[in-house]
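This report looks at one protein chain, beginning with a local detail of the backbone and moving outward to the fold as a whole. Please consult the sequence and the model as you read.

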Amino acid sequence: MSKIGIIDIGSNTFNLLISCTQKKKHIYSKETYVGIRKGTKKNIIQENTISKSILVIKEFKKICQDLNCKKIYIIATASLRNALNKNQFLEHCKKETGLIINIISGNEEAKLIFDGIINNIHDLDNFVIIDIGGASTEFIITKNRLPFFKKSFPFGSQLLIQKFNPHNPIKKIEIEKIQLFFKKELQYLITLLKDKKIKNLIGTSGSFNCITNIQSQNKKKQVYKKLNIEHYQKTISPKILNSTINKREKIPGLLKMRAENIIITIILINFLLDEGIENIYTTEFSLKDGVFSNILNKITTWQESLL
């Protein structure tokens with residue numbers, strides 16, 4: 001059985017996916033909070049954050065070895081893409097772990113997210129996919145299951161927390177400022193959504209899944225979950241926006257590592273609902289699943305690390 005490991009180095013979390021290429025199925029997954037974006041000052045990843053990152057990569061490598069993986073692919077996104085000391089990070093990783101990191105462009109990141117969704121969700125046709133990372137946010141408008149528009153925007157949840165530095169809990173005027181930011185930055189996207197009559201949103205991984213987990217504690221594995229909009233607007237959204245980080249950490253279904261940044265996701269959802277989105281779905285399929293589908297289809301350009 002040919003097994004591979006895929007490590008997604010995100011701006012908030014590192015994700016490990018171990019899959020079998022022969023049976024075309026996933027065997028193991030793990031998500032660990034590292035917080036590269038939070039540990040970045042003036043576009044320089046701090047030494048303690050680099051050290052923490054390497055420790056997690058070493059842990060993931062050990063898991064891959066224990067499960068008899070033959071190869072590891074490491075994909076890094078916005079926080080490494082934008083870091084002034086990214087080469088130092090890559091060299092340190094190679095020296096300490098023997099593994100090669102592939103930094104991908106924003107456009108490739110959006111494509112991989114699309115691939116991860118479209119190859120696993122088969123009963124939805126027209127929607128906008130949104131992936132909010134710590135340092136970037138990807139939007140992919142899908143019409144007749146083809147990517148009509150895809151773009152990686154240079155803002156993410158942690159970056160916007162750093163930019164607006166909201167009170168705890170966030171104040172109404174701060175929410176309005178972030179909404180105005182979205183209105184300015186997403187003007188063209190909103191025009192496209194309205195022109196193409198896109199009413200469905202699929203939020204991938206991260207805070208989106210926390211929101212549907214707050215709605216229901218059902219642990220059953222599902223391809224996607226649908227958000228109850230009325231319950232969300234009356235209960236979930238105000239509860240999160242009116243709570244301190246400490247109180248949010250105690251909300252059932254909300255992961256502690258998402259408690260600070262989730263307010264950005266909530267504000268973005270509320271903005272999009274005001275702009276005409278009617279249905280919201282969440283899924284755990286994401287970039288790492290897109291990487292796996294590209295490996296299966298032999299259309300990769302990334303360097304692999306042999307174990």
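## The last helix and what follows

K298, which follows helix α12, has a positive phi near 55°; the model in which this angle is found is a predicted one. The helix itself, spanning residues 287-296, is mostly covered, with 9 of its 10 residues buried. These buried positions are L287, K288, D289, G290, V291, F292, S293, N294 and I295, a list that includes the charged residues K288 and D289.

Which elements cover the buried residues of α12? Among them are the strands β1 (3-9), β2 (13-20), β3 (25-33) and β6 (71-76), together with the helix α4 (106-118).

## Strand β2, enclosed on both faces

One of the elements covering α12 is β2, and this strand is itself largely enclosed by the rest of the structure, because 8 of its 8 residues are buried. In a regular strand, side chains alternate between the two faces of the sheet. In β2, T13, N15, L17 and S19 lie on one side and F14, L16, I18 and C20 on the other, and the residues of both sets are all buried, so that both faces are covered.

## Neighbours of β2 in the sheet

On the side of β1, the pairing with β2 is antiparallel and comprises 7 bridges, with I9 having F14 of β2 as its bridge partner. A hairpin through 3 residues makes the connection between β1 and β2.

The pairing of β2 with β3 is also antiparallel, and is made over 8 bridges; here I18 stands opposite Y28 of β3. The hairpin of β2 and β3 has 4 residues between the strands, and within it K24 adopts a positive phi near 55°.

## The chain as a whole

The chain contains 12 helices and 14 strands, and its C-alpha trace spans about 50 × 40 × 35 Å along the principal axes. Its radius of gyration of 19 Å agrees with the value near 19 Å that a compact globule of 307 residues would have. Of these 307 residues, 53% are buried, and of the contacts between residues at least 6 apart in sequence, 69% join residues at least 24 apart.

At the surface, the chain exposes about 14,400 Å², with carbon and sulfur atoms supplying 49% of that area. As for charge, there are 48 positive and 27 negative charges, whose mean positions are 2 Å apart.

Definitions and conventions. Residues are numbered from 1 along each chain as its sequence is written. This is a predicted model: local features need pLDDT of at least 70, side-chain atom pairs count only at pLDDT 80 or more; totals for chains, interfaces and linings use all residues. Side-chain values use heavy atoms; hydrogens and water are left out. Helices (H or I, at least four residues) and strands (E, at least two) are DSSP runs, numbered from the N terminus. The radius of gyration is taken over C-alpha atoms; the globule rule is 2.2 Å times the number of residues to the power 0.38. Buried means under 20% relative accessible area, exposed over 50%, partly exposed in between (1.4 Å probe, protein chains only). Contact means heavy atoms within 4.5 Å. Accessible areas come from the Shrake-Rupley method with a 1.4 Å probe; for residues, only the protein chains shown count as cover. The place of a charge is taken as NZ of Lys, CZ of Arg, CG of Asp or CD of Glu. Two strands pair if DSSP finds at least two bridges between them.
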